[in-house]
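Visitor: Please show me the structure. I would like to ask about it piece by piece.

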Amino acid sequence: MTAVAVAAGLLALLVATAAFGACDRRSACTASALMVASRGVTPWRNASAISGEYLSAAAFLGTAGLVLAYGADMLWLPVAATAGHVLLLAFVTAPLRRSGAYTVSDFAEWRLGSPAVRRIVTCCVCFIGWFYLLPQFQGAGVTLRVMTGAPVWAGWAVVVAVTLLLVASGGMCSITAVQSIQFWVKLVAFSVPALALLAMWQMDGRPDPVGDGPARFAHTTRVHVSTEVAVTAPAGVLVTARGRVDGVRHGGGAMTLAAGRHTLGPGAEVVFPAGAPVPHAERLPVQTGETWATPFGRGEEHGFYRTYSALLGILLGTMGLPHILIRFYTNPSGSTARRTAALVPVLLALFYFFPAVYASMGRLYSPELLMTGDTDATVLLLPQRIPGPAGALLTGLITLGAFAAFISTSCGLVVTIAGTVTQCARRSGVGSFRIATLFALAVPLALLPRIGTQGAAGLVALALCVSACSLCPLLLLAIWWRGLTAAGAAAGLLVGTGLAVASGVLHLYEVPLTGWPAAAVAEPAALIAPAAFAVMVAVSLLTRRRVPRRADRALTKLHLPEDVFAR
């Protein structure tokens, strides 16, 4: 019944997506309509679309999984994301909209008068977009695999096909209609199962999810691992094992799983008695309830630096996300762009209440995910713990919401990359835009089979880090400092983007590092973002005679209301 509900939910989403996307498709026959919806989107509709676009795989799957795995430290991430939108409102939205540019690269050339800077910004947009597309495809593959047993490429194919259809046929006109509706679909799909789980917890009389010791199996639990996994057992426990454990094949008899490290081979099954402490995947910390619920409680190496570097990367990265920034070009004016940005944190706050609920319920109802390491599946599996038809229906609902997240964000990213590349190539036709759409989708698809299984939130953090170290410094300095020169902008972009992309590649391919190098590669924003700002400022001061002549007029246009500047 669960599989039927999942299929029905996915089919309903695809039909609704096609219907809503078709609403504005006939008007999408010009470059303005394809890229910025003819600049006619209202603040409420645009805020819903931005929120729908921002609630990606990382928000829908990754945040709850991270909190389950690592505890209260991870709750800072949605706080930083929402705070980033507040800074975006204060410093970027209205001036950027008043520039009248189509894309961030258009803005860079308009402000600095440099085609070279424009080309560098275009590369930055592509890197950010490609990093951000990876978790959308990865999340879709995980969702279909967990729910139906389908191969991971099936999930990739669904998202790519729907994205290609919407973007190539209707551009921003189509995806605005889809994204504004899908935000509310995702909110309902995320909140209803969470409230049902809370009600079940109250009726079951289960203990506090935090507890005193490590997470424990509430009842006899059979854990199946599909690939080889190394785990750490917090205490010895008598289990029943089938398959290869620590290199020895077992036929279903009893064995003692001693405290310490163990290896489970592909296809191994281990049955744990009720009350047994949960072994954790080797990369996850074994925490008591107190350390799980306390920030910095787990004593991770360089944990203070890692946490605040991640916060800085998300905070600044949110200000420079090109697929969010292009949304403000769809507003009619700078004042409507500001109203749009003011609504977004309110809408995001409605959503971000629930990841902590899923993580807490996960410690009670699906602790085996800590053993397999597949914590991104927390949101997908918990509704199945609700007995009867209600569990199947809620599972279908959560699947619908997950694919809404993947499709909504993917559409926005592809429109942004395609529009930026098209504008940079000075080809504004519809045919060029559609070719660029294929280019935007091809690169992450080529990378996916080579990077293995990665957490959705970690992949999004890579994109945010590149954004924080490149477009964020450029936008803040270009909007608020007259002295920025093309040479300074280019130097800062090359340093910030180059270092951030290099650290991202090392992280993707899991290059083994320890100590400070490992911390710096995992969370580099605190080192690279200040360096990018410093290089932009220093080189601009050294080339101060090359400040664009039109800098004063450009800043006037950015900071005065449109009607005042027109006079």
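Visitor: Where is the place of Tyr70, and is this residue buried or exposed?
Guide: Tyr70 has its place in helix α4, residues 57–70; helices (H or I, at least four residues) and strands (E, at least two) are DSSP runs, numbered from the N terminus. Buried means under 20% relative accessible area, exposed over 50%, partly exposed in between (1.4 Å probe, protein chains only). Tyr70 has 19%, so Tyr70 is buried.

Visitor: What should I know about the model itself?
Guide: This is a predicted model: local features need pLDDT of at least 70, side-chain atom pairs count only at pLDDT 80 or more, and totals for chains, interfaces and linings use all residues. Residues are numbered from 1 along each chain as its sequence is written, and side-chain values use heavy atoms, with hydrogens and water left out.

Visitor: How far apart are the C-alpha atoms of Tyr70 and Pro285?
Guide: Along the chain, Tyr70 and Pro285 are 215 residues apart. Their C-alpha atoms are separated by 6.9 Å.

Visitor: Which residues line the second largest cavity?
Guide: On a 1 Å grid over the protein atoms alone, a cavity is a set of points where a 1.4 Å probe fits but cannot get out; lining residues have an atom within 4 Å of a point. Grid points are joined across faces, edges and corners, and a volume is the space filled by probe spheres set on the points. There are 2 cavities of 30 Å³ or more, and the second largest has a volume of about 30 Å³. Its lining is Leu68, Ala69, His280, Pro285, Gln287, Trp292, Arg363 and Leu370.

Visitor: Why does the span of helix α8 agree with its length?
Guide: The expected span is 1.5 Å times one less than the number of residues. Helix α8, residues 115–148, has 34 residues, so it should span 50 Å. Its end C-alpha atoms are 49 Å apart, which agrees.

Visitor: How many residues of α8 are buried?
Guide: Helix α8 is mostly covered. Of its 34 residues, the buried ones number 26.

Visitor: What end-to-end distance does helix α17 have?
Guide: Helix α17, residues 389–424, has 36 residues and should span 52 Å. It is mostly covered, with 31 of its 36 residues buried. Its end C-alpha atoms are 53 Å apart, which agrees.

Visitor: Which residues does Ser470 touch?
Guide: Ser470 sits in the loop between α19 (456–469) and α20 (471–480). At 0% relative accessibility, Ser470 counts as buried. Contact means heavy atoms within 4.5 Å. Not counting residues up to four places away in sequence, Ser470 touches Cys124, Ile128, Leu493, Thr497 and Met536.

Visitor: Which residue in β6 stands opposite Arg222?
Guide: Along strand β1, residues 221–224, Thr221 and Val223 point to one face and are buried, while Arg222 and His224 point to the other and are not. Two strands pair if DSSP finds at least two bridges between them. Strands β1 and β6 (residues 269–272) pair in the antiparallel sense over 4 bridges. Opposite Arg222 in β6 stands Val271.

Visitor: What is the phi of Asp246?
Guide: Most residues other than glycine have a negative phi. Asp246 is found in the loop between β3 (237–245) and β4 (248–257). Asp246 is not a glycine, yet its phi is positive, about 55°.

Visitor: Which residues are in contact with Ala274?
Guide: Ala274 is found in the loop between β6 and β7 (280–281). At 48% relative accessibility, Ala274 counts as partly exposed. Leaving aside neighbours within four places in sequence, its contacts are Phe217, Ala218, His219 and Thr220.

Key
1 Å grid on protein atoms, 1.4 Å probe; cavity = no way out; pocket = protein on both sides within 12 Å on 5 of 7 lines; lining within 4 Å.
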